[in-house]
Amino acid sequence: MEITTHISTTAQTASDKGLYLDYNATTPVDPQVYAAMEPYFKEYFGNPASVAHHWGWTAENAVQKARMQVASLIGAKSSEITFTASATESNNWVIFGLLSKLREENPNQPIHFITSCLEHSSVLKAMQAVEKQGVEVDFLPVNKFGQVEIETLRQALKPHTKLISLIWVNNEVGSINPISEIAKLVKEKQILLHTDATQAIGKIPVNVTDMGIDLMSFSAHKFYGPKGSAALFIRGKDPKVQINPLIYGGGQEKGLRSGTLNVPAIVGLGAAAEICKMNLESEAARMTSLRNLFWQKLQAAIPGIRLNGHATERSPINLNVTLPGIKIESLAAKIQKLGVSMGSACSSGSVSISHVLKGIGVTPEEASCTLRLSLGRWTNEDDIQRAVDILRGAIPTENV
Ligand code: PMP
């Protein structure tokens with residue numbers, strides 16, 4: 001199915017039931033993406049690995065089309081895209097797959113990896129695991145906005161540094177890391193640069209070729225594609241990056257990632273990528289001005305409200321705010337209709353302060369007064385006003 005219109009006009013993100021403002025956690029599937037996927041559950045159900053009949057060929061063609069759509073969004077070649085089931089998998093794969101490759105080449109070489117203390121847990125925990133396997137790992141501190149400083153990185157480099165893995169756009173506080181500058185710093189050195197771009201894709205321009213990125217993880221459900229569908233970009237040339245598989249089996253994806261391909265989900269990833277590419281500039285501008293409007297209105301309505309993360313070098317869709325003295329839990333009943341996140345959605349359920357807020361110096365007391373609000377494709381000015389009204393109405397009058 002061809003993608004015909006740019007942005008679909010329907011989505012169930014605002015209704016009497018409530019207002020969804022948690023697009024950093026996940027997004028609804030765009031109706032056009034859903035329509036593109038549907039036939040691949042039914043009439044085109046073939047296995048792309050079936051080379052002897054048209055069911056297989058149809059599925060294989062759909063997968064190749066999706067690979068092109070994804071590659072085109074990030075300035076890569078189709079051959080550099082491998083499909084995975086989550087950004088969590090892609091991140092783990094980079095770290096364990098590279099370690100395995102390096103050990104295979106030379107079991108005795110010293111290995112140093114660099115990451116930051118503000119990564120998603122799928123990078124942090126994988127790095128902690130390889131540390132236990134003898135890799136020297138530096139978890140770099142960040143500045144007060146949640147960004148890695150170039151100088152901090154420069155000083156951490158060692159002759160045996162093999163990998164730098166840094167998040168591009170932080171999922172909690174929205175800060176953007178200077179990935180292009182970091183790429184320039186490591187160019188000519190024998191160090192691979194991996195970025196977790198899960199919150200960057202479809203929000204800010206991403207071009208792996210121009211920017212000199214070697215490996216990049218991202219996931220469809222953050223940009224209006226289905227859950228359980230993701231990819232890893234692996235640079236094919238200058239340098240040709242080689243990592244060992246994480247999953248072995250039937251040899252799908254050129255032997256790099258075995259398992260029967262989830263064709264409908266891959267088709268959805270491709271369609272979502274195409275829609276993002278068509279609308280990137282206009283949506284980034286619209287989101288940025290909506291986010292700025294939201295912040296102005298929040299400041300006017302709630303005295304003392306503070307923004308976490310960088311004021312301008314931040315995700316166009318994210319506001320992370322602290323309401324000093326106002327415990328978010330105490331507002332829970334009154335803000336039920338607001339789909340927002342307290343701390344990181346990925347670690348919600350845990351009572352401890354998120355490592356991201358801790359990393360930028362937010363105290364546990366402040367963290368309990370902190371809220372993440374994130375906007376999306378169907379958020380409009382009326383929604384912003386409604387959210388401000390709900391929040392203001394929930395706050396005890398002595399605080400407003
Ligand atoms: N990295 C970042 C920055 C994320 O925001 C997320 C999702 N919260 C992930 C990785 C994990 O993505 P997935 O849900 O596809 O495993």
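Where does E172 lie in this chain? The model is predicted, and the tour begins by selecting E172, which is found in the loop between β6 (161–167) and α6 (179–186).

**Stop 1: E172**

With a relative accessible area of 1%, E172 is buried. Show its side chain together with that of S354: a polar contact of 2.8 Å joins the two. Then add L373 and draw a C-alpha to C-alpha distance from E172. The two residues are 201 residues apart in sequence, and the line between them spans 9.5 Å in space.

**Stop 2: the two domains**

Colour the chain by its domain assignment, which gives domain 1 as 15–29 + 279–399 and domain 2 as 32–274. The C-alpha centres of domain 1 and domain 2 lie 28 Å apart. Select the residues in contact across the two: domain 1 supplies 32 residues and domain 2 supplies 33 residues.

**Stop 3: the largest nonpolar core**

Keep the domain colours and select I74, W168, M216, F223, F294 and L298. Among the 98 residues of the largest nonpolar core, these six touch the most other members. Next select helix α8, residues 263–301, which contributes 15 residues, the most to this core. Where does this core lie with respect to domain 1 and domain 2? It lies between them, because both domain 1 and domain 2 give residues to it. As background, nonpolar side chains in soluble globular proteins tend to be buried together.

Centre the view on F223 and show what surrounds it. Leaving out residues up to four places away in sequence, F223 touches T27, L73, I201, K203, F218, L269, A272, A273 and C276. Another core, of 21 residues, lies apart from the largest one; M127, V137, L232 and I234 are among its members.

**Stop 4: T288 on helix α8**

Return to helix α8 and select T288, which lies in it. Is T288 buried or partly exposed? T288 has a relative accessible area of 28%, so it counts as partly exposed. Add A332 and draw the C-alpha to C-alpha line from T288: it covers 27 Å in space for a separation of 44 residues in sequence.

**Stop 5: the aromatic cluster**

Select Y20, Y23, Y224 and W378, which form one aromatic cluster. The model has 4 aromatic pairs by the rule used here. One of them is Y23 with Y224, a tilted pair at 6.3 Å centre to centre with 45° between the planes. Y23 belongs to the loop between β2 (18–20) and α1 (31–37), and Y224 to the loop between β8 (215–219) and β9 (230–234), so look for a link between distant parts of the chain, 201 residues apart. Both rings are in buried residues: Y23 has a relative accessible area of 1% and Y224 one of 8%.

Now turn to the other side of the cluster and display Y224 with W378. What geometry does the aromatic pair of Y224 and W378 have? The pair is edge-to-face, at 5.4 Å centre to centre and 90° between the planes. W378 sits in the loop between β13 (370–374) and α12 (381–394), and Y224 in the loop between β8 and β9, so the pair ties together parts that are 154 residues apart in sequence. W378 counts as buried, at 13% relative accessibility. Before leaving, show R377, which lies over the face of Y224 at 3.9 Å from the ring centre.

**Stop 6: T26**

Go back to the loop between β2 and α1 and select T26, which lies in it. T26 is buried, with a relative accessible area of 16%. Show H221 as well: the side chains of T26 and H221 are joined by a polar contact of 2.7 Å. Apart from neighbours within four places in sequence, T26 is in contact with Y20, H221 and K227. Y20 is also a member of the aromatic cluster visited at the previous stop.

**Stop 7: Q199**

The last selection is Q199, in the loop between β7 (192–196) and α7 (208–211). Q199 is buried, with a relative accessible area of 5%. Which backbone oxygen lies 2.9 Å from a polar atom of the side chain of Q199? That oxygen belongs to N24. To complete the surroundings, display N24, V169, N171 and K222, which Q199 touches when residues up to four places away in sequence are not counted.

Key:
Residues are numbered from 1 along each chain as its sequence is written. This is a predicted model: local features need pLDDT of at least 70, side-chain atom pairs count only at pLDDT 80 or more; totals for chains, interfaces and linings use all residues. Side-chain values use heavy atoms; hydrogens and water are left out. A nonpolar core is a set of buried Ala, Val, Leu, Ile, Met, Phe, Trp, Tyr and Cys residues joined through side-chain atoms within 4.5 Å. Buried means under 20% relative accessible area, exposed over 50%, partly exposed in between (1.4 Å probe, protein chains only). Helices (H or I, at least four residues) and strands (E, at least two) are DSSP runs, numbered from the N terminus. Domain bounds come from an automatic or database domain assignment. Contact means heavy atoms within 4.5 Å. Rings of Phe, Tyr and Trp (its six-membered ring) pair if their centres lie within 6.5 Å; planes under 30 degrees apart count as stacked, over 60 as edge-to-face and the rest as tilted. A charge sits over a ring if NZ of Lys or CZ of Arg is within 6 Å of the ring centre and within 35 degrees of the ring normal. A polar contact is a pair of N or O atoms within 3.5 Å; within protein, one must be able to donate a hydrogen and the other to accept it, and residues adjacent in sequence count only if both atoms are side-chain atoms.
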